[in-house]
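Visitor: I would like a close look at a single part of this structure. Pick a residue, place it, and then work outward to the rest.

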Amino acid sequence: MTLRLATAGESHGPALVAILTGLPAGLVLDRDVIDADLKRRQEGYGRSPRQQIEQDRVEVLAGLRHGRTLGTPLALVVRNADHRNWTWGMNPWPPEGEPAGKGTKAVTLPRPGHADLAGVLKYGLGDVRDALERASARHTAVHVAAGAVAKALLASIDVAVEGSVVDEAGLRARIDEARKARDTVGGVIEVRARGVPPGLGSYASKDDRLDARLAAAVMGIQAVKGVEIGDGFALAGRFGSEAHDEIRTDRRRDTNHAGGIEAGTTNGEEVVVRAAMKPLPTLMKPLASVDLETGEQAQALVERSDVAAVEALAVVAEGAVAWELARAAHEKFGGDAVGDFVAARDAYLERIGWR
Ligand code: EPS
């Protein structure tokens, strides 16, 4: 059974929801470990005051009993505490009573760089809010919860995944500068996965290639505009003799320009994925836009937002990479019970004589 993930939820709606199917039974989950990742995602430098309203915690509605997966769909929920300020504006049903709280007036000023304009055009919407609520990076919270579950599955085969910011000190200085200038900034993050066995993914078909799958998983995160595996773009400027990782007699490598993936398949070295995040599009000093109601030139919507969410991206991308690696590992080793999954991994490593 392949691992699948579906999510739902708007930024200021009642909750974010994820359903994970195909997980083996008997996987031990620790609520505190999942909540610690949710907290890490909220903590980064440059986040918006929204993070003081939210204290993200995972709730489990199905698929878990006494902390162990049942092999049935796992249903996760992360509630939006801020919804209490939007009960009229984001009511799933036609609200009763006078408009109150936030989100009562239609937004008509699309922000360049956000989903606003594309959303209203594509879906025929009259209120930009109907597009921006789902496009918001708020929903990465429940993806992080799913990523924490994937990390638990990977831990059972001794794989560890960790995301970090590239040049954190430089980023913090740029955030301070941007905050003063009422601007926003992006940055670069890196995810490393250690202990990944060789042979995950495949060169057999385009959509089996693990590098393509990881790139799609990370590019699918809000505000990501570039993804590279290993030395990525820098490889294009090198000679072949400088670009590839020579093979020792124990089949390991002294260098890792490939980022642990050759021909779409893991080679047993660390998997390294990097992503570039664009500056966030909600600016306190807005860019030119059009008022969709009047057709006049106007300034884009200004509302509470982050100066940067790069540190959050490191956690979100960690979860996305973990999910994709867990999926690839489960495709290779299978198993309806975690013990079967681990035993298949052990038998495989024995066959290839991998230490
Ligand atoms: C976001 C806008 C801001 C961010 C939000 C993503 O939300 P708000 O409009 O409520 O201040 O804080 O991210 C989160 C809420 C979060 O938990 O990451 C956007 O437009 O993408």
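**From one residue outward**

Guide: Start with D346, which is partly exposed, at 39% relative accessible area. It gets that label because 39% lies between the two cut-offs, under 20% for buried and over 50% for exposed. Keep in mind that this is a predicted model. D346 belongs to helix α10, which spans residues 338-352. Where does I221 sit relative to D346? Their C-alpha atoms are 33 Å apart, and 125 residues separate the two along the chain.

Now compare a residue in another helix. H330 is part of helix α9, residues 310-333. Is H330 buried or exposed? H330 is buried, because its relative accessibility of 3% falls under the 20% cut-off. The H330 side chain also has a polar partner: one of its polar atoms lies 3.0 Å from the backbone oxygen of M1.

Next, the sheet. Four strands make it up, in the order β7-β8-β12-β9. The sheet is open, and its pairing is antiparallel. Which strands form its edges? They are β7 (160-165) and β9 (224-229), each of which pairs on one side only. From one strand to the next, the twist averages 20°. Look inside the order, at β8 and β12. Strand β8 covers residues 187-194, and strand β12 covers residues 271-277. Antiparallel pairing joins these two over 7 bridges. Within that pairing, V191 faces V273 of β12.

Last, the ligand. The shell around the ligand holds 14 residues. Which of them come nearest? They are H12, R41, R47, R50 and R304. By class, the shell has 7 charged residues, 6 polar and 1 nonpolar.

Three side chains place polar atoms by ligand oxygens. For R50, the distance from a polar side-chain atom to a ligand oxygen is 2.6 Å. For Q51, the corresponding distance is 3.0 Å. In R138, a side-chain N or O atom lies 3.0 Å from an oxygen of the ligand. How much of the ligand does the protein cover? On its own, the ligand has 470 Å² of accessible area, and the protein covers 93% of that.

To return to the starting point: D346 in α10 is partly exposed, whereas H330 in α9 is buried.

Definitions and conventions: Residues numbered from 1 in each chain as written. Predicted model: local features only at pLDDT ≥ 70, side-chain atom pairs only at ≥ 80, totals over all residues. Heavy atoms only, no water. Near = heavy atom within 4 Å. Polar contact = N/O pair within 3.5 Å; in protein donor to acceptor, adjacent residues only side chain to side chain. Areas by Shrake-Rupley, 256 points an atom, 1.4 Å probe, with all protein chains shown as cover. Nonpolar A, V, L, I, M, F, W, Y, C, P; charged D, E, K, R; others polar. Pairing = 2+ DSSP bridges. Axes fitted to C-alpha atoms, helices over the stretch in contact; angles between N-to-C directions. Buried < 20%, exposed > 50% of the residue type's maximum accessible area, 1.4 Å probe, protein only.
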